[in-house]
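Biologist: I'm new to reading structures. Could you take me closely through the place where the ligand sits, in plain words?

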Amino acid sequence: MSKRNIVLVGFMGTGKTVTGRVLAKQTGMKLIDMDSIIAERQNQTIPEIFAQKGEPAFRAMERELTRELSQQNGLIISTGGGIVLNPDNIADFEKTGLVVCLKASPETIFQRLEKDTTRPLLSGDKKKQIEGLLAQRKPLYDAIKHSVHTDGLSDEQTAAPILKLYALES
Ligand code: S3P
């Protein structure tokens, strides 16, 4: 039987990449970071893609990569925070994987991203932008069946319930 994927979604700064690393280490499954693949294939950083090609072009790249990855199995997939903007992405990932949303309070996200310069959607007043985007997207993240609230948890503590769920569902 083919192994289902584990797909991590959630707002920027909720720990998708680090949790993905822990899960990959603990399961031996291959880790795929969608932003890294897009940047590699375009030979540009994410801010360069946003600035030169625009956000809609980036969303189309995400959509295409989602189609590709959701046809594979045995992967830990760390998505970009905006993957939920197109419900087709989540529907595709649900077909072959366990989709889990990582959550964190706006304060925690701000603390984690205060010095970050790699998120084009947080290039102004970060606090305001985080609060605004989180409020806008809340219904989309809340619609995901499984979630882990990461405030105060270590990377291992975040990974543990996901592994448990994966073992139960597989
Ligand atoms: C985005 C999140 C980023 C990246 C891009 C847009 C978003 O990924 O895909 O900057 O719209 O939330 P991370 O969630 O890994 O930061």
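Modeller: Happy to! Let's begin with a term: a salt bridge is a side-chain nitrogen of Lys or Arg within 4 Å of a carboxyl oxygen of Asp or Glu. The structure holds ten of these. This is a predicted model, where local features need pLDDT of at least 70, side-chain atom pairs count only at pLDDT 80 or more, and totals for chains, interfaces and linings use all residues. Residues are numbered from 1 along each chain as its sequence is written, and side-chain values use heavy atoms, leaving out hydrogens and water.

Now to the ligand. Around it are 14 residues (each with a heavy atom within 4 Å of it), and the closest are K16, R59, G81, R119 and R137. By type, this shell has six nonpolar, three polar and five charged residues; Asp, Glu, Lys and Arg count as charged, Ala, Val, Leu, Ile, Met, Phe, Trp, Tyr, Cys and Pro as nonpolar, and the others, Gly among them, as polar.

Which side chains have a polar atom 2.7 Å from a ligand oxygen? K16 has one at that distance, and R137 has one too. For D35, an N or O atom of the side chain is 2.8 Å from an oxygen atom of the ligand. The protein covers 96% of the 390 Å² of accessible area that the ligand has on its own (Shrake-Rupley method, 1.4 Å probe).

R59 also pairs within the protein: its salt bridge with E55 has the closest N and O atoms 2.9 Å apart. R59 and E55 are four residues apart in helix 4 (a DSSP run of H or I, at least four residues, numbered from the N terminus), so about one helical turn separates them.

Notes. Polar contact = N/O pair within 3.5 Å; in protein donor to acceptor, adjacent residues only side chain to side chain. Helix = DSSP H or I, 4+ residues; strand = E, 2+ residues; numbered from the N terminus.
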